[in-house]
Amino acid sequence: MKISELLQPEVQEFIASHLESNASELALKKNPFLSLDYIQIINQIIAKQKAKEKLPTWFAAQNIIYPSKISVEQTSSEKTAAYKASLVSGDSLIDLTGGFGVDDYYFSMTVKTITHCEINTELSNIVAHNFKELGRNNITCVSGDSNAILDNNSQNFDWIYIDPSRRSDVKGKVFMLNDCEPNVPENLNKYFTFSNNILIKTAPILDIQAGLLELKFVKSIYIIALENEVKELLWQLEKDYTSEITLTSVNLVKEKTIVFTSTLGKNYEATFGMPNKYLYEPNAAILKSGNFNAVSQNYNINKLHQHSHLYTSEELIDFAGRRFKIVKEIPYQKKELKENIIGQKMNVSTRNFPMKVEELRSKYKIKDGGTVFAFFTTNIENQKIVLICTKI
């Protein structure tokens, strides 16, 4: 279906007036546009519904065309794209895996000229149309294989951006960059002939150590979480860089950006202690980083146990994660559990504990919810304990 057909005023009015409708029910009704593909119109409604929270700029704009709902689901959110844009600057950036173009929209605010490469011609045309409607006139859309586009290009770029996707023929749970298109490790030397700076976005399931084995010249790694859910990893590569690697955990929460920075591989020294007055649970981005000793050293707070990843202090501090006041500490014993846990309503978490949350809820008939938080964990003396807390 042509873009011009979807842009007919009556079609756009139909889409706008049915954004609250159930798409499945709508599909059963008679097509009001007999000469047009009704399914594609329905798909526009579904995709725009999905864009409402994730892509509010696109949702609010007029005459925006959407690709498949999967493309919308897989694209960056505006919040993560805006953060990525804060990491780059200069005169030029080429995006080798342009997709729906959300990242490039934001890159175009910090870099003078953007080249958006997309192998799917239809998607490339849609994105070019949308950029025009959104007023981003410094982005050029080129359709074709990114390697061929580079080969036919004589320009050097300040940045190369890549968001490789896992090939459909690859099976198994282990995520490797070699299993993606484009194959970044295979093409890395080529990329460095066109730019000294490369920014790679990967799925959060990629193991950081595994990524380091496949890449070279890594300068910084960013772990990006949105509302405490890790969404992506960013790998900043600089040609010939061989010094320390900065590890930055970022949690985008409402209007705040919470950042914790450490150095990968540095010998941080954690201190340990029994639970004090306050308890701290790192956010998801820090947990993904695995740099737990850095949390203890940088915040000057004690860790409960080498493997518990909970922290404590006598004085309340600002912290990149959740903060709690410890109301009561009880040993994991039958009498204390009966008096304080069984049949109670509370939020249950486990850290370095042999039972899962679901098992504990079932065994001790714990109701979910309320204002009380129970952490089942292990202290520095290897004793199983329960910390009953209130959130600060």
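Strands, as the term is used here, are DSSP runs of type E with at least two residues, numbered from the N terminus. Threonine 248 belongs to one of them, strand β10 (residues 246-253). The model is a predicted one, and its chain comprises 16 helices and 19 strands. Of its 392 residues, 51% count as buried.

**Overall architecture**

- Taken along the principal axes, the C-alpha atoms of the chain fill a box of roughly 75 × 60 × 40 Å.
- Among contacts between residues at least 6 apart in sequence, 62% join residues at least 24 apart.
- The chain exposes about 19300 Å², and carbon and sulfur atoms supply 47% of that area.
- Positive and negative side chains number 45 and 45 respectively, and the centres of the two sets lie 9 Å apart.

**Threonine 248 and helix α7**

- Threonine 248 in strand β10 has a relative accessibility of 6% and therefore counts as buried, the limit being under 20%.
- Leaving aside neighbours within four places in sequence, threonine 248 is in contact with Tyr83, Ile221, Tyr222, Ile223, Val259, Phe260 and Thr261.
- One of these contacts, Tyr83, is a buried residue of helix α7.
- Helix α7 (residues 78-85) is largely enclosed by the rest of the structure, because six of its eight residues are buried.
- The buried residues of α7 are Glu78, Thr80, Ala81, Tyr83, Lys84 and Ala85.

**Aspartate 103 and the charged network**

- Aspartate 103 lies in helix α8 (residues 102-107), and with a relative accessibility of 8% this residue counts as buried.
- Not counting residues up to four places away in sequence, aspartate 103 touches Ser76, Ala81, Lys84 and Tyr161.
- Two of these partners, Ala81 and Lys84, are among the buried residues of α7.

**Salt bridges**

- The count of salt bridges comes to 13.
- Lysine 52 forms a salt bridge with glutamate 20, with the closest N and O atoms 4.0 Å apart.
- This pair links distant parts of the chain, 32 residues apart: lysine 52 is in helix α4 (residues 38-54), and glutamate 20 is in the loop between α2 (9-17) and α3 (23-27).
- Lysine 52 counts as partly exposed at 40% relative accessibility, whereas glutamate 20 counts as exposed at 71%.
- Glutamate 238 forms a salt bridge with lysine 219, and the closest N and O atoms are 2.9 Å apart.
- Glutamate 238 is in strand β9 (residues 229-238) and lysine 219 is in strand β8 (residues 218-226), so the pair ties together parts that are 19 residues apart in sequence.
- Both ends of this pair are partly exposed: glutamate 238 has a relative accessible area of 25%, and lysine 219 has one of 27%.
- Aspartate 368 forms a salt bridge with arginine 361, in which the closest N and O atoms are 2.8 Å apart.
- The two ends of that bridge fall into separate classes, since aspartate 368 counts as exposed at 54% relative accessibility and arginine 361 counts as buried at 18%.
- Salt bridges that share partners also join Lys84, Asp103, Asp163, Lys201 and Glu232 into one network.
- Within this network, Lys84 and Asp103 are also in contact with each other.

**Threonine 350**

- Threonine 350 is found in strand β17 (residues 347-351).
- Threonine 350 and valine 386 are 36 residues apart in sequence, while their C-alpha atoms are 9.2 Å apart in space.
- Not counting residues up to four places away in sequence, threonine 350 touches Met355, Lys356, Val357, Leu360 and Phe376.

**Nonpolar surface patch**

- Phe272, Met274 and Ile380 make a nonpolar surface patch of about 220 Å².
- Methionine 274 is found in the loop between β12 (271-272) and β13 (278-282).
- The relative accessible area of methionine 274 is 32%, which means that this residue is partly exposed.
- That value of 32% is consistent with a place in the patch, because patch residues need over 30% relative accessible area.

Notes: Residues are numbered from 1 along each chain as its sequence is written. This is a predicted model: local features need pLDDT of at least 70, side-chain atom pairs count only at pLDDT 80 or more; totals for chains, interfaces and linings use all residues. Side-chain values use heavy atoms; hydrogens and water are left out. Patches are made of residues with over 30% relative accessible area and no salt bridge: like charges are joined within 9 Å, nonpolar side chains (Val, Leu, Ile, Met, Phe, Trp, Tyr) within 5 Å. Accessible areas come from the Shrake-Rupley method with a 1.4 Å probe; for residues, only the protein chains shown count as cover. A salt bridge is a side-chain nitrogen of Lys or Arg within 4 Å of a carboxyl oxygen of Asp or Glu. Helices (H or I, at least four residues) and strands (E, at least two) are DSSP runs, numbered from the N terminus. Buried means under 20% relative accessible area, exposed over 50%, partly exposed in between (1.4 Å probe, protein chains only). Contact means heavy atoms within 4.5 Å. Lys and Arg count as positive and Asp and Glu as negative; His and the chain ends are not counted. The place of a charge is taken as NZ of Lys, CZ of Arg, CG of Asp or CD of Glu.
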